[in-house]
Every structure is written in structure tokens, then in C-alpha cells.
Amino acid sequence: MSLLVPLYVHPAEDPDAWRRLITAGDRTYGVVINPANGPGEAPDPAFTAAVDALRTAGARLLGYVDTDYGVRTPAEVTADWDRHRAWYGVDGCFLDRTTARQEALADCKRLVRSLRRAGASTVVLNPGVHPAPGYARLADLTVTFEGSWSTYVSGFSRPAWTARLPAEKLCHLVYGVPLPLVPLAVRTARERGATVCGPVTGELPNPWAALTPALTESDR
């Protein structure tokens with residue numbers, strides 16, 4: 001099991017979260033870097049130093065880019081990726097709020113190709129739901145669930161096409177997981193065909209600000 005960690009907290013606000021993650025950096029699938037709902041307007045020295053430490057620890061770094069469900073243009077998305085790469089040396093990109101509809105698949109395919117041509121070695125799509133089947137073939141990893149633990153327990157359903165994909169191509173991001181149940185969340189993701197997951201104890205509006213206890217418990 002590998003953890004995808006959306007690290008949506010500033011190093012100056014919670015340096016302990018970053019320190020704990022750095023110690024576990026080589027045991028993650030990747031760490032999503034999100035300085036300002038994207039790369040921001042200028043490099044952040046605090047992020048630069050923290051990201052360098054994560055890289056040294058062996059973590060794969062993914063720059064956060066919001067696609068706004070296809071509303072943002074490919075040029076805007078690529079420009080965010082370029083800044084992430086220039087300022088923080090990320091390895092790939094985490095495309096948040098991607099489309100999931102069949103009719104938008106061709107546009108997403110062109111976007112992923114342009115990002116790979118621009119140097120993104122890893123592309124993660126996050127529609128947060130099961131998209132039309134073709135999406136998962138475009139990316140290295142597709143997040144097919146993002147939601148609360150209660151929804152994950154009672155409202156999750158798995159379409160048949162996911163069983164034909166390698167489990168390492170799918171990810172489930174679950175928040176609001178009671179700390180003692182984090183190992184169960186990891187096992188549940190595996191049983192549901194996703195060997196990459198991100199169980200955290202935090203709640204909305206930013207559940208990913210409370211990730212380090214889950215990071216520890218998931219190893220059990």
C-alpha cells in the first residue's frame with residue numbers, strides 16, 4: 001500500500017507535519033505540493049526549503065493544479081505546471097477537479113499529452129468519482145473516490161471496469177477517518193481495488209491539514 005499525501009498546509013504554519021512527512025517520504029506514492037491553490041504568483045522560500053528536504057528524503061513531488069472541471073484553459077493549466085517545475089522542481093502534477101464525463105475525455109487526453117511534453121513524468125487525475133473508463137488509461141494514477149469515511153463505508157460502489165485495471169493505477173482519498181480505523185481504511189481501499197490511498201483524520205474545509213497521525217497509523 002502506498003500513500004498519496006495532499007500536503008495542503010504551509011511549512012511555517014505546521015512545521016511538525018512537514019518534519020514527520022519528511023521522515024516517511026520514501027514510503028509514499030507521492031506528496032502533493034500546494035503553496036497557494038496552485039504554485040502561486042511567486043516562489044515561496046519556505047516551500048522551497050521544505051520541498052528540497054522532501055526530495056532528499058526520496059518523495060515523489062506533485063504540483064497541485066486545479067482544472068475547475070475543464071473550465072480553465074489548457075494554457076492556464078500548463079502555465080501552473082511550468083511554475084511548479086521551475087520554482088519547486090516537482091516531478092509531476094496532480095490535476096484536481098478534473099472532468100469525468102465521456103464527452104470531455106478527448107480534451108483531457110490532449111491536456112495530459114501536453115503536460116507530458118512539458119516534462120511531467122507523473123500525471124495524477126482527481127475527478128473524485130469514478131469517471132468514464134477511458135480516463136484511467138490517460139494517467140499514471142486516477143483518484144476514483146474523494147469523500148468522507150461515512151460515505152466510503154456506506155455509499156461506495158465499484159463499476160466493473162475498475163477490476164480490469166492494475167490496482168496501482170487507482171487511488172481513494174478518504175477524510176474524517178477515526179484514528180483507530182485508519183488501518184481499516186487502508187485495508188478497505190486495497191479490497192476495493194486501489195493500492196494507493198490517502199486516509200486522514202481531518203474534516204472539511206481542509207481535511208488534509210491533519211494527515212500526520214494517519215500517516216503513522218497506516219503503517220500498522
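A disulfide is a pair of cysteine sulfur atoms within 2.5 Å. With that cut-off in hand, a search of the whole structure, which is a predicted model, turns up zero disulfides.

**The cysteines**

Let us start with Cys108, which is in no disulfide. The nearest cysteine sulfur belongs to Cys93 and is 10 Å away. Cys108 counts as buried because its relative accessibility is 7%.

What keeps Cys171 from a bond with Cys197? The sulfur of Cys197 is the closest cysteine sulfur to that of Cys171, yet the two are 6.8 Å apart, so they are too far from each other for a bond. Cys171 has 0% relative accessibility and therefore counts as buried.

**The two pockets**

Cys108 comes up again when we turn to the pockets. The largest pocket has a volume of about 250 Å³. It is lined by 15 residues, and Gly70, Arg72, Asp107, Cys108 and Leu111 are the closest to its centre. Which helices each supply at least two residues of this lining? They are helix 3 (74-88) and helix 4 (105-117). Helix 4 gives the largest share, with four residues.

The second largest pocket has a volume of about 160 Å³. Of the 16 residues that line this second pocket, Tyr8, Asp96, Glu146, Pro207 and Trp208 lie closest to the centre. Here the elements that give two or more residues to the lining are strands: strand 4 (92-96) and strand 7 (170-175).

The table sets out the make-up of both linings by residue class.

| Pocket | Nonpolar | Polar | Charged |
|---|---|---|---|
| Largest pocket | six residues | five residues | four residues |
| Second largest pocket | 10 residues | four residues | two residues |

**Asn126 and its neighbours**

Our last stop is Asn126, which lies in strand 5 (residues 122-126). Is Asn126 buried or exposed? Its relative accessibility is 2%, so Asn126 counts as buried. Leaving aside residues up to four places away in sequence, Asn126 touches Phe94, Leu95, Asp96, Arg97, Thr98, Val143 and Glu146.

Two of these contacts lead back to the second largest pocket. Asp96 and Glu146, both touched by Asn126, are among the residues closest to the centre of that pocket. Asp96 also falls within the range of strand 4 (92-96), one of the elements that give two or more residues to the lining there.

Technical notes. Residues numbered from 1 in each chain as written. Predicted model: local features only at pLDDT ≥ 70, side-chain atom pairs only at ≥ 80, totals over all residues. Heavy atoms only, no water. Buried < 20%, exposed > 50% of the residue type's maximum accessible area, 1.4 Å probe, protein only. Contact = heavy atoms within 4.5 Å. 1 Å grid on protein atoms, 1.4 Å probe; cavity = no way out; pocket = protein on both sides within 12 Å on 5 of 7 lines; lining within 4 Å. Points joined across faces, edges and corners; volume = space filled by probe spheres on them. Nonpolar A, V, L, I, M, F, W, Y, C, P; charged D, E, K, R; others polar.
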